[in-house]
Amino acid sequence: MRVLLVTGQLAKDMVEQQAKESAVETVTLPLKIAVAAFLTPNFISNELKKLKLTDFNMILVPGFVRGDVSEITVSTGIPTFKGPRYAADLPTVLDSLCDIQLSTTIPACDLIREKLVAKAFQEIQKTESERDKLLLKPGNMLIGNLAVGKDFPIRVLAEIVDAAVMDKETIQNIAKQFVEVGADIIDIGMIAGESNPEKAGQMIHWVKEVVDVPVSIDTLDSAEIKAAVNAGAELVLSGDAGNIDEIASYSKNVAVVIIPTNQQQGYFPKKATDRVKFIEEIIIKAKKLGITKCLADLIVEPLDILESFIAFKDFSARNPHIPLFVGISNVTELFDADSIGLNALLTRLSSEVGGSMLLATEKSPKAKGTVREEVTAAKMMFLAKKRFSAPKDLGLDLLVLKDKKNYEEQYNKSLEKTSKVIAVNKTVEPTLLDSAGQFKIYVDRKTETLVSVHYLPNEPTKPVHVIKGKTADDICAKITELALLTQLDHAAYLGRELAKAEIALKTGKAYVQDADLFK
């Protein structure tokens, strides 16, 4: 196999360097354009025709080339496909040429990524398809129609915190959003210290109207638990030493999360050994009272995380057939750090101690996205455990702000030899406002879109256009098409602000126009 790698002048050295890491024989051909992304199928066809190529089995062009590159095959007689967008992915693509069907329209890096993701989901689906057989093993159980236990991926319970103070529309919208990103169970959060059984039952019905997953009730109040179970709740959070006698009679056909507390007396053992002993006593009592499906929550204490996970690990070793419920959001909500890394690590710890279900909450702004993050993390840890590997190169990841590879093209300082070098050290403010008007930029979280509102100079409170789109590129293109700006500095400003808004939308950062996105 001999492959011709077409690229631009500036990327030549990097492409050659990366190609050497593969065993496939390659020749790098930089065409007479500086930036590879500016190459077009027509330009490449015309340039390659001049060379009369004959001794290549394949041609790969940069993944950034727009359009269909099949015309290059026609003009050269050599099969031509889109390679990866970035040179750093070349070794992987070249070494996978026998395993993937390349495309004339889709970059090779996307095809490989899709293949890895598909393989990951196939592994998970294989386990799900064996559900009936696995449910025969001790410690696995059904909650509603959801299989839970150590032989299945960790399930994610998404709590609608303080649902009792919300209206029907809000509760249903949140429930649908959580299920859309992968939540396995929707949990109705009641208000501690209050008793509102009528609303508890109502909310169970509301959620079941719009999602087809099990629903749980999060309260220690026995009246609320009874109302929720009667309304169809399949899981109770929680039973403890203070309420287990009272809730047992109407909780025999549902699953119950047991916690090592007596909330009525204000008792919670801090030491792992005491916690394990106390929860075992409660579970024994619960089973004697007829509760057949018990999950154990040793409680993740934010002020002593290590002791908490020791309790989980010790309990699991002594009681391998009782599924563990791990409330990792207890930590995420009370930790001033980005949730994505915290959730990944806490899910890993939960997997190591044998966790079967995770709690996900999104009460504070910094915790937004936690449900999606825990869902992905749970799948990653399941695959890692099955493959006896670290949670790496699984086809799924939680990399958002950083990359596994360095995709940057290194700056070549020799470019300065024939150029005028201009060092900029201050912001130049525009001297005139654009006569075509001004824009106010928003992020619409509900629809996950960017919004650019256009005002004329003489009507600063009455918008003329409201332009919506998923990306900064899309909105900038429409604004240019409509000729809604006339100054270069305004165009540069607008592009900068829309790019910031798009990053904010993707990462969960708050977008404020004219303010720095990151400290």
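Salt bridges come to 25 in this structure, which is a predicted model. A few of them are worth walking through one at a time.

Start with Arg-2 and Glu-25, whose closest N and O atoms sit 2.9 Å apart in a salt bridge. Arg-2 belongs to strand 1 (residues 2–7) and Glu-25 to strand 2 (residues 25–30), so this pair ties together parts that are 23 residues apart in sequence. Glu-25 is partly exposed, its relative accessible area being 45%. The pair also has company: Arg-2, Glu-25 and Asp-55 are linked in a network of salt bridges.

Next up is Glu-301, which forms a salt bridge with Lys-270, and here the closest N and O atoms are 3.8 Å apart. Both partners are loop residues, and the pair links distant parts of the chain, 31 residues apart. Glu-301 falls in the loop between strand 12 (293–296) and helix 12 (305–318), while Lys-270 falls in the loop between strand 11 (255–258) and helix 11 (272–288). As for accessibility, Glu-301 has a relative accessible area of 15%, and since buried means under 20%, Glu-301 counts as buried.

Helices 11 and 12 have a salt bridge of their own. Glu-280 pairs with Arg-318, with the closest N and O atoms 2.7 Å apart. With Glu-280 in helix 11 and Arg-318 in helix 12, the pair ties together parts that are 38 residues apart in sequence. The two ends of this bridge sit in opposite classes of accessibility: Glu-280 is buried, at 14% relative accessibility, whereas Arg-318 is exposed, with a relative accessible area of 55%.

Now for some helix packing. Helix 7 (residues 168–180) and helix 8 (residues 197–210) have axes that come within 9 Å and cross at roughly 50 degrees. That angle lies between the 35 degrees below which helices count as roughly parallel and the 65 degrees where roughly perpendicular begins, so helix 7 and helix 8 are oblique to each other. Their crossing is right-handed.

Who actually touches whom here? On the helix 7 side, the contact is made by Lys-168, Ile-171, Gln-172, Ala-175 and Lys-176, and on the helix 8 side by Met-203, Trp-206, Val-207, Glu-209 and Val-210. Sorted by character, the residues of this contact between helix 7 and helix 8 come out as six nonpolar, one polar and three charged.

Note on methods: Residues are numbered from 1 along each chain as its sequence is written. This is a predicted model: local features need pLDDT of at least 70, side-chain atom pairs count only at pLDDT 80 or more; totals for chains, interfaces and linings use all residues. Side-chain values use heavy atoms; hydrogens and water are left out. A salt bridge is a side-chain nitrogen of Lys or Arg within 4 Å of a carboxyl oxygen of Asp or Glu. Helices (H or I, at least four residues) and strands (E, at least two) are DSSP runs, numbered from the N terminus. Buried means under 20% relative accessible area, exposed over 50%, partly exposed in between (1.4 Å probe, protein chains only). Axes are lines fitted to C-alpha atoms, for helices over the stretch in contact, and angles run from 0 to 180 degrees between N-to-C directions. Angles under 35 degrees count as roughly parallel, over 145 as roughly antiparallel, 65 to 115 as roughly perpendicular and the rest as oblique. A crossing is left-handed if the near helix is turned anticlockwise from the far one by less than a right angle, and right-handed if clockwise. Contact means heavy atoms within 4.5 Å. Ala, Val, Leu, Ile, Met, Phe, Trp, Tyr, Cys and Pro count as nonpolar, Asp, Glu, Lys and Arg as charged, and the others, Gly among them, as polar.
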